[in-house]
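Open the model in your viewer and show it as a cartoon, with side chains hidden for now. The stops below say what to select and what is there.

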Amino acid sequence: MSDVESSGSTEAAASPTRRNLLRGVAGAAGLAAVSGGLLTACSSSSSDDKKKSGGSTPVAGSTVTFGSNYSDPAAKSAFAALTAGATAATKVNVKINTVDHNTFQQNITSYLQGTPDDLFTWFAGYRMQYFAAQGLAEPIDDVWQEIGSSFGPAAKQLSTGLDGHQYLVPIYNYPWVVFYNKSVFKAKGYTVPTTWDQYVQLAKKMKSDGIIPIAFADKDGWPALGTFDILNMRINGYDYHIKLMKHQIPWTDQGVHTVFQHWAEIMPYLQTGANGRIWQDAAKALETKQAGMMFQGTNQVAAQYVTDKANLDDLDFFVFPEINPQWGQDYMDAPTDGFMLSKKAKNPDAAKAILKYIGTGGAESAYLKTDQWDVGLVNGLQVPTYNAIQKKSVAEIAKCKSVAQFMDRDSDPAMANAMISIIQKFIDDPSTGNIASLQKSAEAQAKAIYS
């Protein structure tokens, strides 16, 4: 599923209790929160009510509703295949309630507080922990008792709430990397850069050749967060990045200033007008060979090629170049997505049966026959249908000493949203004076959010 994160309103008014709960967790984070009405939902009674009445819903032949943000065509098709496989394995009917990705995330809290579906798509780590702490998700420890051996400790940790219970079944992750078309590089004689200086020089050469060096879009707010993440990890390292996300390092620190300075250096080579462009249009610029490179998640760019029936064999990527030799290319964003059980699930027994199926190697392998951009998480997973992008993704993620989950998954939700606005202002004006001003603004907001 796409890593598309909402740029809508966040939980700026979240309680101090919630912040204390989340502060200090080095997981994945960010929450796009309440704005507008409820998402369409099919359930009407809670699992608590059913437990109180002593009722039990038969699993086989019953129906589970599944709230889904898998709205992009390629991801929607893959999800449909997954749920069809779940029905075949469990005899549980699955009714999918698909909502536009950004709308889903803008309204997720209202949705879960209202009449949610039994199951819903969501993200691992910090963002999962928020809903667990709010009592909006049901623990699934009994599911993990059956599927736990399928996953490594990192996947389990990303699925575990602050109370030590499991709340999510992961399905895949995907790296954020620099994409390019092999045919363009071959025709122009371009060489894949491994250092910052080589990257800048390649961008300059592309520009002189009449090619947009780096496709770029940030109308949705979240894509540029990935650029900040990778620059910060390349310049300052993973530990620094995570500490900054938790506000253990101030946003006025010189390390942050250096990140923005490097970003400003390549700004002349980024596609102009980014704040008015969605990522799909930037991906099309790469696809049509108007642009030479694009830094984005594989489950966006590769999925776009699949949706457009473009030449996926021509697509390739390289990990973001080294900037600081101390850190090399040791880190990247590689977010993990999965599925959760609503606290108000109408049919929790059948929903857990679906989750137990999803947490198997067979389910992941079958899912990845349709999903041609993500990579599975089950231990020793054998996926004969992996294409070159997926095989390379597995290899590059495995090389990393640590992987981050993306800024709006690694930081307080309100802070991630504040940084969306700040980074968009930077994109409009990357001058040194504005960088200093934006750093002060980020620090002031961080103090208010984390106090």
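Begin with the surface of the whole chain: about 16000 Å² is exposed, and carbon and sulfur atoms supply 50% of that area. Bear in mind throughout that this is a predicted model. The chain has 451 residues, of which 61% are buried. In the cartoon you can follow 21 helices and 12 strands. Of the contacts between residues at least 6 apart in sequence, 79% join residues at least 24 apart.

**Stop 1: a four-stranded sheet**

Select β5, β6, β7 and β8. These four strands form an open sheet with mixed pairing, and the order across it is β6-β7-β5-β8. Which strands are at the edges? They are β6, residues 212–215, and β8, residues 315–318, each of which pairs on one side only. From one strand to the next, the twist averages 30°.

Now keep β5 (residues 176–181) and β7 (residues 291–297), which pair in the antiparallel sense over four bridges. Show the side chain of phenylalanine 179 and look across to β7, where methionine 294 stands opposite.

**Stop 2: helices on the sheet**

Add helix α10, residues 196–208. The helix lies across β6, β7 and β8 and runs at about 135° to β7. Next add helix α15, residues 298–307, which packs on the sheet and touches β5, β7 and β8. The direction of α15 makes about 125° with that of β7.

Stay with α15 and colour its residues by accessibility. How many of its 10 residues are buried? Eight are, so the helix is mostly covered. The buried residues are Thr298, Asn299, Gln300, Val301, Ala302, Ala303, Gln304 and Tyr305. Show what surrounds them: these buried residues pack against α3 (73–90), β5, α14 (279–287), β7, β8 and α18 (388–399). Following α15 is lysine 309, which has a positive phi, near 55°.

**Stop 3: aromatic rings**

Hide the helices and show the side chains of Phe, Tyr and Trp. The count of aromatic pairs comes to 32. Take tryptophan 144 and phenylalanine 151 as one of them: the ring centres are 5.3 Å apart. Why does this pair count as tilted? The planes stand at 45°, and the tilted class covers angles that are neither under 30 nor over 60 degrees. Both partners lie below the 20% limit for buried residues: tryptophan 144 has a relative accessible area of 4%, and phenylalanine 151 has one of 6%.

Then select tyrosine 172 and tyrosine 174. Their ring centres are 6.3 Å apart and their planes are at 50°, so this pair is tilted. Are these tyrosines buried or exposed? Tyrosine 172 is buried at 0% relative accessibility, and tyrosine 174 is buried with a relative accessible area of 0%.

For a wider group, select Trp176, Trp196, Tyr199, Trp222, Phe295, Phe320 and Phe406, which form one aromatic cluster.

**Stop 4: a charge over a ring**

Finish with lysine 392 and phenylalanine 317. The charged end of lysine 392 sits over the ring of phenylalanine 317, at 4.9 Å from the ring centre. To place the pair in the earlier views, keep β8 (315–318) and α18 (388–399) on screen.

Technical notes: Residues are numbered from 1 along each chain as its sequence is written. This is a predicted model: local features need pLDDT of at least 70, side-chain atom pairs count only at pLDDT 80 or more; totals for chains, interfaces and linings use all residues. Side-chain values use heavy atoms; hydrogens and water are left out. Rings of Phe, Tyr and Trp (its six-membered ring) pair if their centres lie within 6.5 Å; planes under 30 degrees apart count as stacked, over 60 as edge-to-face and the rest as tilted. Buried means under 20% relative accessible area, exposed over 50%, partly exposed in between (1.4 Å probe, protein chains only). A charge sits over a ring if NZ of Lys or CZ of Arg is within 6 Å of the ring centre and within 35 degrees of the ring normal. Helices (H or I, at least four residues) and strands (E, at least two) are DSSP runs, numbered from the N terminus. Contact means heavy atoms within 4.5 Å. Accessible areas come from the Shrake-Rupley method with a 1.4 Å probe; for residues, only the protein chains shown count as cover. Two strands pair if DSSP finds at least two bridges between them. Axes are lines fitted to C-alpha atoms, for helices over the stretch in contact, and angles run from 0 to 180 degrees between N-to-C directions.
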